[in-house]
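Visitor: Please show me the model, and then we can go through its cores and sheets.

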Amino acid sequence: MAGGALHEADGPLRHVVHLAPRPAVTTDWPAWTPEVVRAALASRGVAAPWVHQVEAAELAHAGTDVVVATGTASGKSLAYQLPVLTALMEDPRATALYLAPTKALAADQLRVLDELGLADIRPAALDGDASPDARDWACRHGRWLLSNPDMLHRSLLPRHGRWAHWFRRLRYVVVDECHTYRGVFGTHVALVLRRLLRICARYGARPTLVLASATVAEPAEFASRLVGREVTAVSRDASPQAGRTVALWEPPLLDAGAGENGAPARRGAGAEAARMLADLVMDGARTIAFVRSRRGAELVALGARRLVSDVDPELADRVDAYRGGYLPEDRRALEAALTDGSLLGLASTNALELGVDIVGLDAVVMAGFPGTRASFWQQAGRAGRDARNDALVVLVAADDPMDTYLVHHPDALLGAPVEGCVLDPGNPYLLGPHLACAAAELPVTEDEVQPVFGETAAAVLDELVADGVLRRRSAGWYWPSTQDRPAGYVDLRGSGTGQVALVEKSTGRVLGTVDGSSAAATVHTGAVHLHRGETYLVDRLDLASGVALVRAGDPGWRTVARSVSDVAVRSVLQCRTHGPVRVSFGEVDVTGRVVAYQRRGTDGTVLATVPLDLPEQTLTTRAVWYDLDPAALRAVGLAQARVPGALHAAEHAAIGLLPLFALCDRWDVGGLSTAAHPFTGRPTVFVHDGHPGGAGFAERGHAVLASWLAATRQAITDCTCRTGCPSCVQSPKCGNGNAPLDKEGAVLVLDAVLRAVGSTLER
């Protein structure tokens with residue numbers, strides 16, 4: 001790796017590094033590979049497998065649970081195709097299950113299997129789009145089912161009796177893109193997989209598990225935690241990789257006063273990405289611009305087309321947008337057009353980050369850091385995938401503390417290991433509903449409680465019995481109804497707090513749902529809400545009935561909710577004292593209320609602030625917090641009058657930097673700062689998980705507190721603004737209107753904490 005940092009005077013380009021190309025390392029096919037399978041794969045261009053593919057396939061063929069954790073375009077699918085296809089060819093009664101996080105990815109795999117043309121494999125898609133006839137065919141004839149965790153949870157497991165013949169013969173379960181299963185969603189999926197393996201055991205099957213993942217920290221430990229069984233990792237990538245030039249770009253500051261409270265703001269990452277996409281297209285470079293939202297992808301594509309049209313109108317048609325929600329045939333057409341060069345520029349959400357086989361791209365532009373280093377390298381891997389020509393990767397920093405830190409500290413992105421995935425199968429708020437689902441599928445017996453569902457399961461079962469959800473008998477725990485199935489009430493992609501229905505006002509049609517815990521912030525009255533790529537205005541939110549009435553329309557602005565909160569400590573689970581600073585982790589009650597929302601223009605300008613009158617909501621979750629002796633603040637020169645603003649600014653910046661250390665988004669966590677908290681009696685800063693029972697993010701923050709706060713301090717000091725801006729200490733969701741904030745004071749607070757924590761660690 002060779003590169004160098006650039007200074008403010010050099011313009012917005014902050015850092016450039018060149019990553020050298022890597023040759024492929026191939027090996028022989030496994031001796032057990034049937035000739036017909038080898039020939040079918042060779043017909044698709046696989047002349048010889050790479051070493052890591054064979055290593056993983058050998059382990060799976062021997063019955064060892066394995067996770068292959070290698071980079072983008074490293075051929076992970078071959079690692080599971082070899083053993084699964086071999087088993088299906090050798091045993092005409094054997095079955096297999098493939099699980100993907102999205103229907104589109106499962107459809108891609110089905111297309112690949114169909115193209116192999118192998119007799120009697122009988123792959124079948126089983127998802128929410130499958131017709132009753134297709135589901136019936138899959139049940140009676142399908143051998144390799146391609147599905148997703150949602151379908152497994154809502155259909156296969158509750159109706160396992162209908163699929164008994166299929167479960168008895170299940171040889172392999174493939175869990176693709178397993179690194180996406182983190183946080184609350186990952187915990188849900190972990191519990192669904194435990195329910196699956198429990199059903200398999202009842203039918204006498206013990207399928208081998210093959211997991212495919214992007215490069216993540218400690219893949220074996222993560223995969224083992226996800227599936228509840230010991231998993232072996234294969235992580236040495238033997239695939240070829242083109243050379244890449246990686247550039248870190250920080251957009252310039254706009255005129256003073258463009259942001260909230262007169263703070264400076266930077267030119268939007270989306271606008272910069274649109275300009276870069278246009279320039280690259282006009283140079284003939286096949287390029288993907290990754291954007292974090294569906295609406296953002298559409299806007300970047302539109303902006304790039306306009307810029308290209310001003311120079312070459314005929315070339316404008318070779319720029320398009322790609323996102324989830326498109327019809328499968330439309331997505332296939334876009335992928336093919338980008339691959340064959342008829343389409344030069346594509347603005348995409350992370351829908352193109354997973355699995356889709358697009359090769360030979362010249363450049364990737366990211367409009368804002370995608371949230372994790374793992375995602376960064378997944379997206380970067382789309383460039384130069386033909387391993388012949390060098391490619392360009394550009395990260396355009398968004399107006400956010402995380403992005404600011406990374407472009408000024410490239411080693412934290414380019415030289416650091418990828419993050420570990422966080423999930424907690426013992427979270428009682430998520431475990432309880434899945435225990436109810438498991439009992440409805442088959443009574444839960446005493447001897448499987450701890451081995452299958454973990455140490456906290458017994459206490460959760462007792463609570464379910466006390467609440468009348470389950471019944472306790474001598475043989476185990478039972479679901480009391482033969483008609484009602486609890487799986488229909490458990491949303492894998494929610495937090496466990498219920499759903500609010502989006503209802504079109506003019507037709508009464510239910511468009512979809514949003515999580516109950518986030519409804520007040522996302523679909524409040526007056527909100528602009530994006531659903532499946534379409535923009536809606538919320539006319540009224542009725543939390544009591546769980547309904548948000550919406551109408552189609554795009555007013556030309558977006559809305560950002562503002563909330564206030566209070567934190568009450570329920571219990572302290574861990575506590576460390578470092579002289580004048582105390583660091584704690586524990587259970588808390590967060591009482592919050594959305595008090596207003598802002599209308600913001602496309603450039604981030606605040607157009608209006610509108611008050612709201614919504615009820616309080618209480619969230620029981622987990623938090624990390626630190627409190628200080630006031631004397632320690634005085635010792636670093638922080639006057640008492642500045643303490644509230646300094647703590648507030650330090651809290652905002654810390655929330656913005658936590659995703660650097662835990663696989664989360666800043667919207668997954670919240671915080672509170674106060675000059676004198678009732679529980680500690682001292683100046684205190686809390687950062688808490690935004691999900692019931694916690695999601696592991698605050699716990700991770702507690703474990704790496706010194707590194708986390710050191711990075712937070714550095715991000716604040718790196719920002720060139722004078723009094724604070726969105727790139728350092730302002731928060732887009734602050735209920736107090738980002739006031740008071742004291743940027744210099746935040747640095748002093750963090751100095752006091754780090755001085756105390758560091759001196760203790762040194763001893």
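Visitor: Which residues have the most contacts inside the largest nonpolar core?

Guide: The model is predicted, so local features need pLDDT of at least 70 and side-chain atom pairs 80 or more, while totals for chains, interfaces and linings use all residues. Residues are numbered from 1 along each chain as its sequence is written, and side-chain values use heavy atoms, without hydrogens and water. A nonpolar core is a set of buried (under 20% relative accessible area, 1.4 Å probe, protein chains only) Ala, Val, Leu, Ile, Met, Phe, Trp, Tyr and Cys residues joined through side-chain atoms within 4.5 Å. The largest has 100 residues, and those with the most contacts inside it are Y626 and W708.

Visitor: How many residues does the other core have?

Guide: This core lies apart from the largest one. Its members include A138, L152, A223 and V231, and its residue count is 45.

Visitor: Which strands stand at the edges of the sheet of 7 strands?

Guide: Strands are DSSP runs of E, at least two residues, numbered from the N terminus, and two of them pair if DSSP finds at least two bridges. The open sheet has the order 5-6-4-7-8-3-9 with parallel pairing. Each edge strand has a single partner, so one side of each is left without a neighbour in the sheet; these are strand 5 (123–125) and strand 9 (232–234).

Visitor: What is the bridge partner of A125 in strand 6?

Guide: Strand 5 pairs with strand 6 (residues 144–147) in the parallel sense, over 3 bridges. Within strand 6, the partner of A125 is L146.

How values were computed: Buried means under 20% relative accessible area, exposed over 50%, partly exposed in between (1.4 Å probe, protein chains only). Helices (H or I, at least four residues) and strands (E, at least two) are DSSP runs, numbered from the N terminus.
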